[in-house]
Amino acid sequence: VLFLQIVHILNMTSAKIVSFLLHPEESLHSLQNRIEFETGISTGNQELLLETGICLDPRKPASQCVIDGVRGWDSYMVYLFDKSKTVYDGPFASRSLSDCVNYIVQDSKIQLPIPQLRKVWAEAVHYVIGLKEDYSRLFQGQRAAMLSLLRYNANLIKMKNNMVSASQQLKAKLEFFHQSIRLDLERYSDQMAYGISSEKMLKAWKEMEEKASQCAQAEDIGYLDEQIMALHTEIVELQKSPYARRQGEVMETLEQRAIDLYKQLKTRPPDHAYSDSTDMVKIIVQTVQSQDRVLKELFGHLSKLLGCKQKIIDLLPEIEVALNNIKEADNSVMQMQGKRQREIWHLLKIACTQSSSRSLVSSSLEGTASTAAATWLPQGSSGNSAPHPLSSLAAPDDGESFADVIQENVNYLELFSSILQEVRQEQSCMMVS
């Protein structure tokens with residue numbers, strides 16, 4: 001018998017306990033099917049919580065809900081919730097009276113012999129203690145729901161912090177990107193008159209600026225932040241609520257009074273005396289009324305807990321979507337930044353290539369000019385001597401015809417054209433490389 005594994009399930013929707021004998025290596029899904037048969041709650045809507053608020057792991061066997069050892073094994077509960085419901089409003093009937101206790105409740109003034117009265121009152125005390133224990137179990141289920149809510153809330157806070165951090169990073173990158181591209185566009189406009197121009201690239205940069213403005217929509221998480229903060233406030237209020245703490249003091253007092261009455265009855269000698277049950281019935285009625293009141297408060301508070309939990313469950317996918325949008329916008333901004341920087345370096349390469357080409361052309365022109373000057377100078381003159389005035393140049397009638405001068409100019413033009421062609425070929429080779 002000690003090796004048997006029995007799990008007790010407290011159905012929080014009906015306040016009733018169902019017990020199951022676990023088969024060796026039984027899976028949790030198999031246990032849930034048995035629970036569905038007994039309670040009518042489908043396996044998809046079942047939420048099984050331990051006292052710590054931890055949900056049972058479907059990957060582990062059903063024995064995870066049974067504690068090791070002998071002590072307390074028969075009082076350990078697993079709390080069953082219906083995920084399709086967020087309002088638990090009862091009515092929850094108290095445990096039924098035994099026949100003999102019901103007999104004295106119907107007529108509390110009936111006289112019974114002391115020996116018989118002891119048996120009836122013993123059952124009455126057991127009934128009062130049972131009412132208090134029923135409340136204690138349900139309160140423990142409410143506590144498990146609170147701990148589960150706090151676990152969900154901790155996960156929500158973690159995701160919210162990740163979302164806010166990602167949003168702030170995106171905002172900083174967008175500000176940097178906007179400042180950078182504005183400066184680039186200004187500098188590009190300044191150099192267009194004397195430098196390099198590309199309408200295609202200018203259009204692409206302006207499109208990047210517009211796209212970056214659209215990415216800024218992803219960083220707007222204010223509506224989610226407001227909902228999360230309001231939910232945090234609601235959870236804090238639920239934690240501070242008096243209904244979050246045990247309300248069974250009155251029932252505990254009544255329990256002690258019932259025990260004391262029974263002890264007083266036991267001290268009376270078992271003679272032929274008779275007595276009524278007015279005091280004991282009064283305690284029973286007060287205990288039932290007290291349980292009705294505290295259960296109404298308990299399930300009202302439990303419904304608020306489950307409502308908050310459902311709000312968190314609904315918010316988590318929205319936060320996931322916001323995080324994905326922020327990451328996509330962040331990647332888009334970084335790609336645009338990288339593309340623009342590559343284009344700037346490409347412009348720099350073209351500018352350097354053109355600068356080197358101009359240097360080659362100017363050096364070639366200087367060499368051609370010096371050759372032409374040497375040709376026009378007289379044979380006996382040196383490079384450091386002053387140029388001859390026009391009156392000292394030979395006139396055409398000194399034996400040199402205009403046809404020779406024209407031919408010489410044509411030769412110089414062909415030489416200049418060949419130099420320009422070489423420069424263009426070198427520039428094309430550098431741009432290709």
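Strands here are DSSP runs of E at least two residues long, and they are numbered from the N terminus. With that in hand, let's walk through this predicted model, starting near the beginning of the chain.

The place to look is A15, which sits in the loop between β1 (6-11) and β2 (16-21). Its backbone deserves a glance: phi of A15 is near 60°, a positive value in a residue that is not glycine. As for the side of the story that solvent sees, A15 has 28% relative accessibility and therefore counts as partly exposed.

Carry on past β2 and you meet E25, in the loop that leads from β2 to α1 (28-39). Here again phi is near 60°, positive in a residue other than glycine. E25 has a relative accessibility of 73%, so this residue counts as exposed.

Now step back to take in the whole protein. Eight helices and six strands make up its secondary structure. Following the sequence from start to end, their order reads β-β-α-β-β-α-β-α-α-α-α-β-α-α. Of the 433 residues in the protein, 35% are buried. Sequence distance matters for reading the contacts, too: among those with a separation of 6 or more, 81% link residues 24 or more positions apart. On the outside, the accessible surface comes to about 26,200 Å², and carbon and sulfur atoms account for 55% of that area.

For a look at the inside, turn to helix α3 (residues 114-191), where you will find S148. Is S148 buried or exposed? Its relative accessibility is 2%, and because buried means under 20%, S148 counts as buried. What surrounds S148, once its neighbours within four places in sequence are set aside? The residues in contact with S148 are then E47, L49, G53 and K309.

Finally, come back out to the surface for a feature built from charged side chains. K200, K211, K339 and R342 together form a positive surface patch. Two helices, α4 (199-215) and α7 (278-376), each contribute at least two residues to this positive patch. Let K211 serve as your guide to the patch: this lysine lies in helix α4. K211 has 42% relative accessibility, which means that it counts as partly exposed.

If you would like to trace the tour once more on the model, begin at A15 in the loop between β1 and β2, move to E25 in the loop between β2 and α1, continue to S148 in helix α3, and end at K211 in helix α4.

Definitions and conventions
Residues numbered from 1 in each chain as written. Predicted model: local features only at pLDDT ≥ 70, side-chain atom pairs only at ≥ 80, totals over all residues. Heavy atoms only, no water. Patch = residues over 30% accessible without salt bridge, like charges linked within 9 Å, V, L, I, M, F, W, Y side chains within 5 Å. Areas by Shrake-Rupley, 256 points an atom, 1.4 Å probe, with all protein chains shown as cover. Salt bridge = Lys/Arg side-chain N within 4 Å of Asp/Glu carboxyl O. Lys, Arg positive; Asp, Glu negative; His and termini not counted. Charge placed at Lys NZ, Arg CZ, Asp CG, Glu CD. Helix = DSSP H or I, 4+ residues; strand = E, 2+ residues; numbered from the N terminus. Buried < 20%, exposed > 50% of the residue type's maximum accessible area, 1.4 Å probe, protein only. Contact = heavy atoms within 4.5 Å.
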